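I opened my notebook for a first look at this structure. Here is what I looked up, in the order I went through it.

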Amino acid sequence: MLGLMQNRPLLISSLIEHANACHPGTEIVSRTVEGPIHRCTYGDIHRRSKQVANALTALGVEPGDRIATLAWNGYRHMELYFGVSGMGAVLHTINPRLFPEQIEYIVNHAEDQYLFFDLSFAPLVAKLAPAFRSVKGFVAMTDRAHMPAIDVPNLNCYEELVEAQSPEYAWPALDENTASSLCYTSGTTGHPKGVLYSHRSTVLHSFAVCAADGIGLGSAECALLVVPMFHVNAWGTPYAGAMCGARLVMPGPGLDGKSVYELMRDEKVTLALGVPTVWLMLFKHVDENRLAPKRELSLQRVVIGGSAAPQAMCEKFDSDFGAFVVHAWGMTEMSPLGTICNLLPKHASFTARQRLDVQKKQGRTIFGVELKIVDGEGRRLPHDGVAFGHLMARGPWVTSGYFGDSEALLDNEGYFDTGDVATIDADGYMQITDRSKDVIKSGGEWISSIDLENAAVGHPAVAEAAVIGVPHEKWQERPLLIVVPKQGHEVSHDELLAFLEGKVAKWWLPDDVVFVDELPHTATGKLQKLKLREQFRDYRLPERAA
Ligand code: ADP
């Protein structure tokens, strides 16, 4: 027997309709590429996203067409989020930090029809335009006065295009499984791969962002989206913001410490979201200018994901900012939220140090995501916080396959292999110990490079650290610690090893430490271990380390 409840489709257009009905006056604050701070409301975004839908229709855009963006976080990008997907087209957000050859590849692979871009990317667009095979026209996301002087075919001005249209538009009643947006993984190996989200997956994921044990976004919150809208849809926050009516603050191109700090202070931001690298820049600005964030800011929580939140970072946000770090894990293939590290009632009696030990874990799943860890043969491993294995995930906002790629991705239970290696404890807290390809295999056992890196960055003279496995005659592989010292600080090889002693198992201690000026990063700010391994290919461990 079927239930008799209404089968209303879960659509992205319904999110902005809801925001307009219930939170029309709530502000969206954007730092613009042109310079000034821009203020508008959910009501304005609602009106202009309908104008966008009319403009796209006038350009001949059909349902299912891919519309690309090369843009920072800002109100115009948000109008495209709702306008493009709302009308049934697919919003393809491009990460401008990818290599130009990768951008060329994905635009052609996605067969993008139009490309909307922020002024910062005009030179990039001009350079790549001749290589884009499917793009019929370009739209500069600015007004007439700021139009870039570039020579690309069919160049339009966003403000003219949108403002010429009527704000009357009836959103189509799409099937909720219709594709809504497309995001390519950064592709550390091989070509980037496209993850194609649907209206249904996006709306369900938004519920998870708003859930109390999720990110807990709500109408009382003023959220600073430092995580870019070209990076897994800013972790889904523009959609979730519309769902709950949170005030959103968009930093545009200003991701440096000073710009981020000023926005936090001036807009009374309560919740900020971003990857560890941006917070390091914020800390540097605060330290160099002897600022008093705890007194000057209203920050209460910081969501950190994309790579592991170092314990020292959680500690500094707590002590200097009075802000609680919510550690989260996910990936492009998971929309991205997989786990979130909120505390349980039993942690209330914990000391600050014990709490930090919980916070360094990537957290628990929210309803919708199921996780398992398995060994090399696909057998499930216990959730005891000790056994570590390949982390597998399934759920309604987890991918089932890549765009334009017929390769079967899921195991016989429908789980997707995340490529991460993790433990899960009895309370369900998951902790990433490595990427499958980065784990160090020593004497038949696994050493977690991430645990070693986290321990090393706890040293006050260490700015950044990476650990890779290097070949070893007897043990197969042994860890090598590569360190970028903080400016003006000095630390020796022996001091660092002594510092690590007691923090990790003795047989995990690196066999050598080398000092470098910088480490290679991917377009999304992750350490490029592949490159490091190449760089240290001919490196030989000291003899005594046998
Ligand atoms: P995202 O856009 O969310 O960074 P990517 O698809 O670029 O997603 O990368 C996902 C990978 O990033 C994960 O598989 C994992 O290896 C790493 N990652 C994400 N969050 C964390 C975290 N909190 N701790 C450790 N690694 C993380």
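**Notes on the ligand and a helix pair**

I started with His327, where an N or O atom of the side chain is 3.0 Å from a nitrogen atom of the ligand. A reminder to myself: this is a predicted model.

Next I looked for other polar atoms beside the ligand. I found a backbone N or O atom of Gly306 at 3.0 Å from a nitrogen atom of the ligand. I also noted Lys526, which has a polar side-chain atom 2.7 Å from an oxygen atom of the ligand. Then I checked how much of the ligand is covered: on its own the ligand has 550 Å² of accessible area, and the protein covers 94% of this.

Which residues come nearest to the ligand? I listed His231, Ala328, Asp420, Arg435 and Lys526, out of 17 residues around the ligand.

I sorted the shell around the ligand by class and got six nonpolar, seven polar and four charged residues. I then asked which strand gives the most to this shell. My entry reads strand E14, residues 324-330, with four residues.

Last, I turned to a pair of helices. Two packed helices are described by the angle between their axes and the distance between the axes, so I looked up both. For helix H1 (residues 12-22) and helix H9 (residues 237-244), the axes come within 7 Å and cross at roughly 45°. Angles from 65 to 115 degrees would count as roughly perpendicular and those under 35 degrees as roughly parallel, so I wrote down H1 and H9 as oblique to each other. I added that the crossing of H1 and H9 is left-handed.

Key. Residues are numbered from 1 along each chain as its sequence is written. This is a predicted model: local features need pLDDT of at least 70, side-chain atom pairs count only at pLDDT 80 or more; totals for chains, interfaces and linings use all residues. Side-chain values use heavy atoms; hydrogens and water are left out. A residue is near a molecule or strand if one of its heavy atoms lies within 4 Å of it. A polar contact is a pair of N or O atoms within 3.5 Å; within protein, one must be able to donate a hydrogen and the other to accept it, and residues adjacent in sequence count only if both atoms are side-chain atoms. Accessible areas come from the Shrake-Rupley method with a 1.4 Å probe; for residues, only the protein chains shown count as cover. Helices (H or I, at least four residues) and strands (E, at least two) are DSSP runs, numbered from the N terminus. Ala, Val, Leu, Ile, Met, Phe, Trp, Tyr, Cys and Pro count as nonpolar, Asp, Glu, Lys and Arg as charged, and the others, Gly among them, as polar. Axes are lines fitted to C-alpha atoms, for helices over the stretch in contact, and angles run from 0 to 180 degrees between N-to-C directions. Angles under 35 degrees count as roughly parallel, over 145 as roughly antiparallel, 65 to 115 as roughly perpendicular and the rest as oblique. A crossing is left-handed if the near helix is turned anticlockwise from the far one by less than a right angle, and right-handed if clockwise.
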